[in-house]
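Hi everyone, thanks for coming. Please have a look at the picture and the sequence while I talk, and stop me whenever you like.

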Amino acid sequence: AAGEPKPTAAARDEEPTATTRGQFAAQLAASPSEDEARATASRFAAKYSSELGGRRPTFRKAEVNNKTVYRVRVGGLTKDEASSICQKISGCFVARN
């Protein structure tokens, strides 16, 4: 009993918690218009279906340097999940939701 390993700490470290799950996204692209963002999201979904693990990219309006852009992302990910996707898709980066 005294010399047995304690797997609970390792298991806890590997499982996402409510505070870490979903706080990250894999940003695939940014488009200047909603129509272009919609087309880009569809194109990424078709081209990178297996890399995205069946997740569908969405887009979100944002203001960057006083300009409107539409960020094409796969959200609701852990940091590791987002990093894994971005390693497979050129131009992708990990962003906070």
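I'll walk through the sheet, then the helices, the core, the salt bridges and one hairpin.

One thing to keep in mind from the start: this is a predicted model.

Let's begin with the sheet. In what order do the 4 strands of the open sheet come? The order is E2-E3-E1-E4, and the pairing is antiparallel. As a bit of background, strands of a sheet pair through backbone hydrogen bonds, either parallel or antiparallel. Coming back to our sheet, E2, which covers residues 58-64, and E4 stand at the edges. Each of those two has a single partner strand, so one side of each is left without a neighbour in the sheet. The sheet is also twisted in the sense that neighbouring strands are turned by 50 degrees against each other on average, ignoring direction.

Let's zoom in on one pair. E2 and E3 are joined over 7 bridges in the antiparallel sense. If you'd like to find some partners on your screen, Thr58 has Arg73 in E3 as its bridge partner, and Arg60 stands opposite Arg71 in E3.

Now follow that pair to its hairpin. How many residues lie between the strands in the hairpin of E2 and E3? There are 2 residues between them. The loop between E2 and E3 is home to Asn65 and also to Asn66. Both have a backbone angle worth a look. Asn65 has a positive phi of about 50 degrees although it is not a glycine. Asn66, also a residue other than glycine, has a positive phi near 65 degrees. Are these residues buried or exposed? Asn65 counts as exposed because its relative accessibility is 70%, over the 50% cut-off. Asn66 counts as exposed too, at 79%.

For contrast, let's go to strand E1, residues 24-31, where we find Ser31. Ser31 is buried, because its relative accessible area is 3%, and buried means under 20%. What does Ser31 touch, leaving aside its neighbours within four places in sequence? Its contacts are Glu36, Ala37, Thr40, Val69, Tyr70 and Val72.

On to the helices. Helix H2, residues 34-47, lies across E1, E2 and E3, and runs at about 125 degrees to E1.

Helix H3 spans residues 79-88, and its buried residues are Ala82, Ile85 and Cys86. Why do these residues sit on the same side of H3? They cover an arc of only 95 degrees around the axis, and that puts them on the same side. The general idea is that an α-helix has 3.6 residues a turn, so residues three or four places apart point the same way. On the other side of H3, Asp80 and Gln87 are exposed. And what covers the buried residues of H3? The cover includes E1, strand E3 (67-77) and strand E4 (93-96).

That leads us to the core. The largest nonpolar core has 18 residues, and those touching the most other members are Ala26, Leu28, Leu52, Ile85 and Ile89. The elements giving two or more residues to this core are E1, H2, E3 and H3. You may recognise Ile85 from a moment ago, as one of the buried residues of H3. Let's also take Leu28 and leave aside its neighbours within four places in sequence: Leu28 is in contact with Phe44, Leu52, Pro57, Val72, Val74, Ile89, Gly91 and Cys92.

Last stop, salt bridges. How many does a search of the whole structure find? The search finds 2.

In one of them, the side chains of Arg38 and Glu34 meet, at 2.9 Å from N to O. Both residues lie in helix H2, 4 residues apart, about one turn of the helix. Arg38 is partly exposed at 42% relative accessibility, and Glu34 is partly exposed at 36%.

Glu81 forms a salt bridge with Arg55, and here the closest N and O atoms are 3.7 Å apart. Glu81 lies in helix H3 and Arg55 in the loop between H2 and E2, so this pair ties together parts that are 26 residues apart in sequence. Glu81 counts as partly exposed at 24% relative accessibility, and Arg55 is partly exposed too, with a relative accessible area of 32%.

That's my tour, and I'm happy to take questions.

Notes:
Residues numbered from 1 in each chain as written. Predicted model: local features only at pLDDT ≥ 70, side-chain atom pairs only at ≥ 80, totals over all residues. Heavy atoms only, no water. Buried < 20%, exposed > 50% of the residue type's maximum accessible area, 1.4 Å probe, protein only. Contact = heavy atoms within 4.5 Å. Arc of directions from axis to C-beta. Pairing = 2+ DSSP bridges. Axes fitted to C-alpha atoms, helices over the stretch in contact; angles between N-to-C directions. Salt bridge = Lys/Arg side-chain N within 4 Å of Asp/Glu carboxyl O. Core = buried A, V, L, I, M, F, W, Y, C linked by side-chain atoms within 4.5 Å.
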